[in-house]
Amino acid sequence: MELVQVKNVEVARDPPIISYDHKNVEVAKRVINHNELMDELLPYSADDVVHHKAHFTPEFIAELKSKANSSVPDIVDGKRRPYSTFESLVAHLWRTMAKVRGPTDLQTTKVKISVNGRRRLRPCVPDEYFGNLILAAFPQSRVNELLQKSLSHATEVIHDAVAKLNSDYFKSIIDFAKNNMRNEDLILDEQGWKVPTVWPNLEVDSWLGFPFDTVDFGFGKPYIFMPSFGPWEGVVYLVPSMDGDGSIDVYITLFEQYLNLFEEICFCVN
């Protein structure tokens with residue numbers, strides 16, 4: 001792949017135009033678990049975190065997308081944009097983990113989703129641009145609403161949160177970062193966390209657009225491609241299956257005490 005240099009992509013505007021409350025989003029929500037919630041999790045530790053792979057077939061994904069899109073409202077001229085595979089599957093995993101973890105009904109749960117800005121900035125930035133253009137969206141819901149309402153509702157919450165990260169938003173945070181580069185109050189401090197988890201939240205990364213099947217270092221295509229993990233509960237990667245049939249492998253970290261229930265319900269659409 002040829003790396004591309006694009007001028008002025010990450011250059012702040014002069015004067016800056018900061019249109020959003022980035023300090024309370026990218027900074028405050030970057031750490032989306034809090035020690036005051038950890039008293040419920042004291043029996044767990046890094047030793048309890050396991051890495052699990054769940055394989056979702058094309059048939060299951062199609063059924064899931066159909067369910068997620070069952071109540072998508074019509075828009076102009078009867079046309080509508082259906083929710084994507086990513087949105088539908090993340091919504092399903094979000095609801096599944098809420099059932100598995102068992103937080104209280106009024107607990108707020110969030111999903112931290114990495115969003116690629118290359119095609120969101122205007123003008124668009126080539127995929128080959130070698131630079132950091134990733135921000136995070138933070139869809140959130142009360143647990144009771146997430147579970148009592150439909151899969152379509154959860155998918156809509158995710159879709160709307162991601163859609164907010166448009167070109168203006170990316171340009172605004174570039175200006176914000178430039179003007180707060182030396183602000184020590186914005187430095188992330190992970191020391192002293194009682195339990196290595198983002199409970200009751202999730203952190204999701206999608207590798208679905210990576211062309212793994214074209215990689216060849218001279219001895220054929222890869223047999224397996226998977227992320228590496230540290231002992232941190234609640235991290236999810238969506239990876240295209242090496243089967244090449246459109247199936248998806250989900251790699252997730254969770255406490256071992258939750259594993260049996262997760263395996264029991266993660267392939268249930270309802």
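**Exercise 1. Decide whether N201 is buried or exposed in this predicted model, and place N201 in the fold.**

Solution.
- Step 1: Start with the accessibility. N201 has a relative accessibility of 1%. Buried means under 20%, so N201 counts as buried.
- Step 2: Find the element. N201 sits in the loop between helix 5 and strand 5.
- Step 3: Look across the chain. W94 is 107 residues away from N201 in sequence, yet their C-alpha atoms are separated by 8.3 Å.
- Step 4: Check the backbone of this loop. P200 also belongs to the loop between helix 5 (167-179) and strand 5. The peptide bond from W199 to P200 is cis, with omega near 5 degrees.

**Exercise 2. Work out whether the span of helix 2 agrees with its number of residues, and how far the helix is enclosed.**

Solution.
- Step 1: Count the residues. Helix 2 covers residues 85-101, which makes 17 residues.
- Step 2: Apply the rise of 1.5 Å a residue. The expected span is 24 Å. The rise is multiplied by one less than the number of residues.
- Step 3: Compare with the model. The end C-alpha atoms of helix 2 are 24 Å apart, so the two values agree.
- Step 4: Turn to burial. Of the 17 residues in helix 2, 15 are buried, so the rest of the structure largely encloses this helix.
- Step 5: See what follows. After helix 2 comes G102, with a positive phi near 70 degrees.

**Exercise 3. Find which residues of helix 4 are buried, and which elements cover them.**

Solution.
- Step 1: Check the geometry. Helix 4 (residues 151-163) has 13 residues and reaches 18 Å from its first C-alpha to its last, close to the 18 Å expected at 1.5 Å a residue.
- Step 2: List the buried positions. They are L151, S152, H153, A154, T155, V157, I158, A161 and V162.
- Step 3: Look for a helical pattern. An α-helix has 3.6 residues a turn, so residues three or four places apart point the same way. When you view the helix, try following A154, V157, I158 and A161, which are among the buried residues.
- Step 4: Identify the cover. The buried residues of helix 4 are covered by elements including helix 1 (58-68), helix 2 and helix 3 (143-148). Strand 2 (108-116), strand 3 (134-137) and strand 4 (140-142) also take part.

**Exercise 4. Locate the salt bridges and say which parts of the chain they link.**

Solution.
- Step 1: Count them. A pair needs a side-chain nitrogen of Lys or Arg within 4 Å of a carboxyl oxygen of Asp or Glu. The count comes to two salt bridges.
- Step 2: Take D249 and K53. Their closest N and O atoms are 3.7 Å apart. D249 lies in strand 7 (residues 248-255) and K53 in strand 1 (residues 49-56), so this pair ties together parts that are 196 residues apart in sequence.
- Step 3: Compare the surroundings of these two residues. D249 is buried at 6% relative accessibility, whereas K53 is partly exposed at 44%.
- Step 4: Take E233 and R101. Their side chains meet at 2.8 Å, N to O. This bridge links distant parts of the chain, since E233 is in the loop between strand 5 and strand 6 while R101 is in helix 2, 132 residues apart.
- Step 5: Check burial here too. E233 is buried with a relative accessible area of 0%, and R101 counts as buried at 8%.

**Exercise 5. Describe the surroundings of M226 and the surface patch to which M226 belongs.**

Solution.
- Step 1: Place the residue. M226 lies in the loop between strand 5 (202-206) and strand 6 (235-240).
- Step 2: Read the exposure. With a relative accessible area of 44%, M226 is partly exposed.
- Step 3: Name its partners in the patch. Y223, I224 and M226 make a nonpolar surface patch of about 390 Å².
- Step 4: Look beyond neighbours within four places in sequence. There, M226 is in contact with W207 and Y251.
- Step 5: Add one distance. M226 and P240 are 14 residues apart in sequence and 9.6 Å apart in space, C-alpha to C-alpha.

**Exercise 6. Summarise the whole fold and the confidence of the model.**

Solution.
- Step 1: Count the elements. The protein has six helices and seven strands. Their order along the sequence is β-α-α-β-β-β-α-α-α-β-β-β-α.
- Step 2: Consider burial and contacts. Of the 270 residues, 44% count as buried. Among contacts between residues at least 6 apart in sequence, 79% join residues at least 24 apart.
- Step 3: Weigh the confidence. The mean pLDDT is 81, and 77% of residues reach 70 or more. Over residues 1-6 the pLDDT is below 50.

Note on methods:
Residues numbered from 1 in each chain as written. Predicted model: local features only at pLDDT ≥ 70, side-chain atom pairs only at ≥ 80, totals over all residues. Heavy atoms only, no water. pLDDT = per-residue confidence, 0-100. Contact = heavy atoms within 4.5 Å. Helix = DSSP H or I, 4+ residues; strand = E, 2+ residues; numbered from the N terminus. Buried < 20%, exposed > 50% of the residue type's maximum accessible area, 1.4 Å probe, protein only. Patch = residues over 30% accessible without salt bridge, like charges linked within 9 Å, V, L, I, M, F, W, Y side chains within 5 Å. Areas by Shrake-Rupley, 256 points an atom, 1.4 Å probe, with all protein chains shown as cover.
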